[in-house]
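User: Please examine the model shown below. I should like to go through its fold, its cysteines, its core and its charged side chains in turn.

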Amino acid sequence: MNMVFMRSGKLVMGLILFGGFATSTGCYYDVQSELYPDHYCDTSNTAYTIAIQPIMQSDCALPGCHVPGGTGTGDFTTYDGLLPQVSNGAVVASIQGTGGISPMPPSGKLSDCDIRKIVLWVNAGAQNN
């Protein structure tokens, strides 16, 4: 009888351990930007006013550069001033450093995320939205 109790005790203990393991591997919901803050790039909304205009204002429309009277080609303070440079391919070539154009801005290359947002916006038709 002692032997039967030992076997059933091991069986019960095994079931408890297996049950605990099975329930501990359930679903969970993490936020990618919290898990990988340095590698997350939200490209779910690349509208001009939400994603592109802030990049242009902080990195391109700087005093003396892509502003009225600046040395940069085009006035990037407005959509209408930016559009001709988008249409002729200069913006994408500049931010990617292709076509013999030096990468902009001069203070350093845009982040890969910002480049991706601009390229997606351009490829989607560069709408004023």
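User: How much area does the chain expose, and what share of it do carbon and sulfur atoms supply?

Analyst: This is a predicted model, in which local features need pLDDT of at least 70, side-chain atom pairs count only at pLDDT 80 or more, and totals for chains, interfaces and linings use all residues. Residues are numbered from 1 along each chain as its sequence is written, and side-chain values use heavy atoms, with hydrogens and water left out. By the Shrake-Rupley method with a 1.4 Å probe, where for residues only the protein chains shown count as cover, the exposed area is about 8,800 Å², and the share supplied by carbon and sulfur atoms is 60%.

User: What pattern does the chain follow along the sequence?

Analyst: Helices (H or I, at least four residues) and strands (E, at least two) are taken as DSSP runs, numbered from the N terminus. The chain has 6 helices and 0 strands. Read along the sequence, the pattern is α-α-α-α-α-α.

User: What percentage of the contacts in the chain with a separation of 6 or more comes from residues 24 or more positions apart?

Analyst: A contact means heavy atoms within 4.5 Å. Among contacts with a separation of 6 or more, the share from residues 24 or more positions apart is 47%.

User: Which cysteines form a disulfide?

Analyst: The criterion is a pair of cysteine sulfur atoms within 2.5 Å. A search of the whole structure finds 1 disulfide. Its sulfur atoms are 2.1 Å apart, and the pair is C41 and C113.

User: Which parts of the chain does the pair tie together, and how many residues apart are they in sequence?

Analyst: The link of C41 and C113 is right-handed, with 85 degrees about the S-S bond. C41 lies in the loop between α2 (32-35) and α3 (48-59), whereas C113 lies in helix α6, so the pair ties together parts whose separation in sequence is 72 residues.

User: Are C41 and C113 buried or exposed?

Analyst: Buried means under 20% relative accessible area, exposed over 50%, and partly exposed in between (1.4 Å probe, protein chains only). C41 has a relative accessibility of 15%, and C113 has a relative accessible area of 18%. Both values are under 20%, so C41 and C113 count as buried.

User: Why is the sulfur of C60 not bonded to that of C65?

Analyst: C60 is buried at 7% relative accessible area, and C65 is buried at 18%. The closest cysteine sulfur to that of C60 is in C65, and the pair is too far apart for a bond because the separation is 7.5 Å.

User: Which element gives the largest share of the largest nonpolar core?

Analyst: A nonpolar core is a set of buried Ala, Val, Leu, Ile, Met, Phe, Trp, Tyr and Cys residues joined through side-chain atoms within 4.5 Å. The largest one has 21 residues, and those with the most contacts inside it are I52, M56, F76, L82, V91, I118 and W121. The elements giving two or more residues to this core are α3, α4 (79-87), α5 (90-96) and α6. The largest share, 5 residues, comes from α3.

User: Which residues does M56 touch, leaving aside those up to four places away in sequence?

Analyst: M56 is listed among the core residues with the most contacts inside the core. With residues up to four places away in sequence not counted, M56 touches A61, F76, L82, V91 and I118.

User: How far is K117 from the nearest side chain of opposite charge?

Analyst: K117 lies in helix α6 and touches residues including C41, D42 and T43. Lys and Arg count as positive and Asp and Glu as negative, with His and the chain ends not counted. K117 is buried yet has no salt bridge, and D114, the nearest side chain of opposite charge, is at a distance of 4.3 Å.

User: Which side chains meet in a salt bridge?

Analyst: The rule requires a side-chain nitrogen of Lys or Arg within 4 Å of a carboxyl oxygen of Asp or Glu, and the count comes to 1 salt bridge. One partner is exposed at 55% relative accessibility, and the other is partly exposed at 49%. With an N to O distance of 2.9 Å, the pair is K109 and D112.
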